Amino acid sequence: MHTTEPRPMSARKSDALSGRARVPGDKSISHRALMFGGLAAGETRITGLLEGEDVLRTGEAMKAMGATIEKRGDEWIAHGTGNGALLEPEAPLDFGNAGTGVRLTMGLVGSYDMTTRFIGDASLSKRPMGRVLDPLKEMGLQVLSAEPGDRLPITLRGPKHAAPISYRVPMPSAQVKSAVLLAALNTAGVTTVIEPVATRDHTEKMLAGFGASLEVETDADGVRHIRIEGQPKLIGQTIAVPADPSSAAFPLVAALIVPGSDVVIESMLMNPTRTGLVTTLMEMGADIEILERRNEGGEDVADLRVRGSELKGVTVPEDRAPSMIDEYPVLAVAASFAEGDTVMQGLEELRVKESDRLSAVADGLKANGVECEEGEASLRVTGRPGGKGLGGGTVQTHLDHRIAMSFLVMGLATEKPVTIDDQTMIATSFPDFTALMTRLGATLD
Ligand code: S3P
């Protein structure tokens with residue numbers, strides 16, 4: 001549980017940011033690296049792992065189910081149980097703040113004939129788990145106990161023999177897709193996941209890398225059909241985790257809105273299911289140069305040179321949402337400094353993140369003098385170039401790391417400081433955020 005005292009923090013108008021920065025490893029890939037490494041037979045070696053609280057919880061959960069995971073020098077080494085051989089955990093698995101950790105692990109254990117109890121912090125305990133339990137129940141999972149609305153704490157028991165299913169994911173969610181694919185690992189036969197709207201594809205790519213037999217076909221309507229053969233032999237791999245575009249988004253937007261800035265962000269993951277923010281910012285007139293595109297460990301990465309820019313408002317196409325779903329809070333911050341209106345639509349999923357991000361963003365913007373309009377699933381932000389008159393408010397972060405970091409970025413370019421009520425959750429995804437931003441020239445205290 002999250003028991004530490006809240007620690008407020010303020011961001012103040014800063015001089016031009018400069019320097020090079022490598023943000024921590026990708027959170028989605030880091031969770032999966034520990035999970036698959038903890039499952040696969042033999043040794044998995046991981047470099048660049050995000051050592052944030054969320055990911056470390058996933059590592060603890062895998063250890064509680066029989067894996068060995070340890071850090072040696074700069075590397076994390078996992079010895080997995082072998083696919084199909086996870087052990088029943090003796091104590092509840094505590095996922096803290098981590099939606100990805102809990103939802104993917106529910107999938108992983110959902111096809112095991114064992115009892116697993118899941119707990120989490122106040123934010124995670126408010127988030128809906130029915131979206132992963134529904135398909136898992138079709139495979140034979142029993143929900144022994146849950147709080148109303150399928151909320152944590154939840155106790156699950158898998159069937160003796162899980163049944164393969166064909167499941168059309170009803171909302172654009174990589175977590176739901178992944179939960180079904182992971183349950184399929186311990187299910188005889190072929191499981192099919194149908195994905196009408198493409199979401200991040202790390203589970204598919206990484207499982208194939210560990211030896212799963214998996215086929216992806218995109219039909220004429222752009223719908224993805226992912227077929228996975230059950231009970232594969234998974235073998236340990238070597239994984240280099242690229243820098244997280246969802247974390248890079250903070251120094252990137254900071255460099256754009258602080259005049260005169262010139263910052264290079266190194267080795268950022270350029271997987272197209274993750275780069276919607278960069279596309280959108282370029283449409284807004286951002287000066288972003290993509291340098292040295294290369295392939296590292298099976299993923300495209302690049303260095304990004306970002307300079308202070310005069311942005312203009314745009315309408316973000318709805319179908320881009322899955323490729324930038326975690327970046328809307330910081331996009332709203334960029335939009336606050338743009339000429340004209342920025343309109344974001346198709347944001348229903350933002351309401352079920354670590355907080356209700358749509359209202360948390362709108363409230364934070366209003367508290368700092370930014371004109372905006374919150375719809376059911378949309379946000380319109382009217383920018384004020386130069387940030388004149390903006391700032392001076394305190395933002396409620398609702399235990400949400402991305403709300404915290406977004407508004408600290410905002411305060412670097414507003415006339416008056418921006419304060420957040422609590423910085424502690426930043427450690428879930430970006431433990432060295434303050435140090436890295438300060439090194440670039442940000443004033444945070
Ligand atoms: C993630 C999927 C997304 C994203 C989350 C990480 C993943 O969630 O918001 O931060 O690693 O699969 P949804 O599946 O709920 O969209």
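**Figure 1. The largest cavity holds about 50 Å³ of space.** The model shown here and in the other views is predicted. The count of cavities of 30 Å³ or more comes to one. Its lining is made up of Pro245, Ala249, Leu252, Met268, Arg274, Thr275, Leu277, Val278 and Glu327. By class, these lining residues are six nonpolar, one polar and two charged. Helix 7 (245–257) and helix 8 (276–283) each give at least two residues to the lining of the largest cavity. Helix 7 has the largest share of that lining, with three residues. Rolling a probe the size of a water molecule over the atoms shows where empty space is left.

**Figure 2. The largest pocket encloses about 500 Å³ of space.** The lining of the largest pocket counts 35 residues. Nearest the centre of the pocket lie Ala174, Arg200, Ile325, Asp326 and Lys353. Helix 1, helix 3 (99–110) and helix 5 (174–184) each contribute at least two lining residues. Sorted by class, the lining of the largest pocket has 19 charged, eight polar and eight nonpolar residues.

**Figure 3. Strands 2, 15, 17 and 16 make up an open four-stranded sheet with mixed pairing.** The strand order across this sheet is 2-15-17-16. Strand 2 (18–21) and strand 16 (287–296) are the edge strands; each has a single partner strand, so one side of each is left without a neighbour in the sheet. From one strand to the next, the twist averages 15°. Strand 15 (residues 262–269) and strand 17 (residues 299–307) run antiparallel and are joined by six bridges. Within this pairing, Leu269 has Val301 of strand 17 as its bridge partner. Helix 7 packs on the sheet and touches strand 15, strand 16 and strand 17. The direction of helix 7 makes about 165° with that of strand 15. Helix 7 also appears in the view of the largest cavity, where it supplies three lining residues.

**Figure 4. Strands 22, 23, 1 and 24 make up an open four-stranded sheet with mixed pairing.** Here the strands follow the order 22-23-1-24. At the edges stand strand 22 (394–395) and strand 24 (443–444), each with a single partner strand, so one side of each is left without a neighbour in the sheet. Strand 1 (residues 9–12) pairs with strand 23 (residues 418–420) in the antiparallel sense over three bridges. Met9 stands opposite Ile420 in strand 23. Helix 11 (residues 401–410) packs on this sheet, in contact with strand 1, strand 22, strand 23 and strand 24. Between the directions of helix 11 and strand 23 the angle is about 165°. Strands of a sheet pair through backbone hydrogen bonds, either parallel or antiparallel.

**Figure 5. Strand 8 and strand 9 form a hairpin.** Strand 8 (residues 142–147) runs antiparallel to strand 9, and four bridges join the two. Val143 has Leu156 in strand 9 as its bridge partner. Three residues lie between the strands of the hairpin. In the turn, Gly149 has a positive phi of about 80°. Strand 9 (residues 151–157) also contains Pro153. The peptide bond that leads from Leu152 to Pro153 is cis, with omega near -10°.

**Figure 6. His398 has a positive phi, near 50°.** His398 is a residue other than glycine. Most residues other than glycine have a negative phi, and most peptide bonds are trans. The position of His398 is in the loop between strand 22 and helix 11. Both of these elements belong to the view of Figure 4, where helix 11 touches strand 22.

**Figure 7. The structure contains four aromatic pairs, found in a search of the whole model.** One of them joins Phe36 and Phe210, whose ring centres are 5.8 Å apart and whose planes lie at 85°, so the pair is edge-to-face. Phe36 belongs to helix 1 (residues 27–39), and Phe210 to the loop between helix 6 (202–209) and strand 12 (214–218), so the pair ties together parts that are 174 residues apart in sequence. A pair of aromatic rings is described by the distance of the centres and the angle of the planes. Helix 1 also appears in the view of the largest pocket, where it supplies at least two lining residues.

Technical notes:
Residues numbered from 1 in each chain as written. Predicted model: local features only at pLDDT ≥ 70, side-chain atom pairs only at ≥ 80, totals over all residues. Heavy atoms only, no water. 1 Å grid on protein atoms, 1.4 Å probe; cavity = no way out; pocket = protein on both sides within 12 Å on 5 of 7 lines; lining within 4 Å. Points joined across faces, edges and corners; volume = space filled by probe spheres on them. Nonpolar A, V, L, I, M, F, W, Y, C, P; charged D, E, K, R; others polar. Pairing = 2+ DSSP bridges. Contact = heavy atoms within 4.5 Å. Axes fitted to C-alpha atoms, helices over the stretch in contact; angles between N-to-C directions. Phe/Tyr/Trp six-rings, centres within 6.5 Å; stacked < 30°, edge-to-face > 60°.
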